[in-house]
Amino acid sequence: MGSHLPPEIIASLNHYQTGRYSDGAAAAFFVYDYFLTLDIEVQVIWETPWSASKTLFILNRYLPLIEFILNYFRDNVGKMAYHCYTLLHIITWLYIVGIFLSEIILTLRVLAIWRMKTSLVVGAVILNVIDFAVVGAVAELSIRPLQFSDIPPLTGCLAIPPNSLLFIGFIVATIYDAIMLVFMIIPFLSAKRRYVKRQRQSQFFEVMYTEGVLFYVYLLALSTTTFLLMYYFVRSINVFHLIAPD
């Protein structure tokens with residue numbers, strides 16, 4: 001198969017395979033992290049009464065597990081074209097809901113830093129609703145026109161042509177992360193000046209401010225990288241339609 005294909009198609013197939021390996025690596029890391037922190041989870045979460053925060057944690061913790069299982073079938077089971085539309089729909093909305101729940105948790109941390117200021121709470125609710133609506137709409141517009149094909153010896157769901165709008169959702173997520181980072185940096189700098197004047201620094205400052213800012217810097221960098229990679233790979237794998245059977 002390989003020696004008779006144009007170089008651009010071979011490159012696209014390599015990118016497709018890299019995506020599958022990335023899914024496997026992410027699943028392995030998830031399992032590793034799960035067992036690494038399971039004892040803490042049992043003590044801090046499972047042994048406490050049910051609450052809104054506990055529900056958020058459980059959903060945010062275990063929705064990715066379902067997603068990874070479905071991703072395995074999407075990427076590795078042969079002759080999946082007939083089931084791909086429904087499967088991709090479920091995976092996409094699990095992913096969107098997971099991101100939305102994570103953003104709620106992260107937003108609550110920022111609002112706590114700002115002492116739940118009313119104007120910021122209202123703004124955060126509006127921002128999250130807009131974020132969820134835009135990402136959901138983009139996802140639907142990306143999935144609905146897709147057609148899927150079996151291209152032996154490849155397995156899994158191959159979209160013909162692949163969707164090219166999902167990267168817009170990552171732009172929205174990146175903008176959201178940037179806004180949250182700004183609202184973490186502002187109180188961080190203010191608190192930093194107070195602690196410098198007192199010539200001391202507490203563990204509370206390290207956990208709530210320093211680690212919070214570093215986390216959002218990491219999250220913004222990750223969102224930006226994901227968007228750039230997705231934009232690059234989507235453009236690259238558009239050649240799949242050249243080898244799809246009629």
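The accessible surface of the protein amounts to about 14700 Å², and 70% of this area belongs to carbon and sulfur atoms. The model described here is a predicted one. Of the 246 residues that make up the protein, 38% count as buried. The protein has 6 helices and 2 strands, and from the N terminus on these elements follow one another in the order α-α-α-α-β-β-α-α. Among the contacts in the protein with a separation of 6 or more, 75% are accounted for by residues that stand 24 or more positions apart.

The UniProt record, an unreviewed entry, lists residues 87-108, 120-143, 163-191 and 212-234 under "transmembrane region". Two of these spans were examined in the model. Residues 87-108 are 100% helix and 0% strand, and the end C-alpha atoms of this span lie 32 Å apart. Residues 120-143 are likewise 100% helix and 0% strand, with a distance of 34 Å between the end C-alpha atoms of the span.

Helix α4 comprises the 26 residues 118-143. At 1.5 Å a residue this helix should span 38 Å, and the end C-alpha atoms are 38 Å apart in the model, so the expected and the computed spans agree. The buried residues of α4 are L120, A124, N128, D131, V135, G136, V138, A139, E140, S142 and I143.

Several of these positions recur in the surroundings of G169, a residue found in helix α5, which covers residues 166-198. G169 has a relative accessible area of 10% and is therefore buried, the cut-off for this class being under 20%. When its neighbours within four places in sequence are left aside, G169 is in contact with V135 and V138, both of which are listed among the buried residues of α4. The C-alpha atom of G169 is separated by 7.7 Å from that of A139, although the two residues are 30 residues apart along the chain.

Aromatic side chains provide a further set of features, and the structure holds 7 aromatic pairs. One of them is formed by F30 and F68, whose rings are 5.5 Å apart from centre to centre, with an angle of 55° between the planes, an arrangement described as tilted. This pair links distant parts of the chain, since F30 belongs to helix α1 (residues 7-46) and F68 to helix α2 (residues 52-76), with the two positions 38 residues apart in the numbering. The partners fall into separate accessibility classes: F30, with a relative accessible area of 15%, is buried, whereas F68, with a relative accessible area of 21%, is partly exposed. The two values lie on either side of the 20% limit under which a residue counts as buried.

Other rings are grouped together, as Y34, F35, W46 and Y62 form one aromatic cluster. The ring of W50 has a charged partner, for the charged end of K54 sits over this ring at 4.5 Å from its centre.

Helix α2 also contains N71. This residue has a relative accessibility of 7% and so counts as buried. The C-alpha atoms of N71 and G24 are separated by 9.0 Å, while the two residues stand 47 residues apart along the chain.

Definitions and conventions
Residues numbered from 1 in each chain as written. Predicted model: local features only at pLDDT ≥ 70, side-chain atom pairs only at ≥ 80, totals over all residues. Heavy atoms only, no water. Helix = DSSP H or I, 4+ residues; strand = E, 2+ residues; numbered from the N terminus. Expected span 1.5 Å × (residues − 1). Buried < 20%, exposed > 50% of the residue type's maximum accessible area, 1.4 Å probe, protein only. UniProt positions renumbered as here; feature names shortened; annotations may be inferred. Phe/Tyr/Trp six-rings, centres within 6.5 Å; stacked < 30°, edge-to-face > 60°. Lys NZ or Arg CZ within 6 Å of the ring centre and 35° of its normal. Contact = heavy atoms within 4.5 Å. Areas by Shrake-Rupley, 256 points an atom, 1.4 Å probe, with all protein chains shown as cover.
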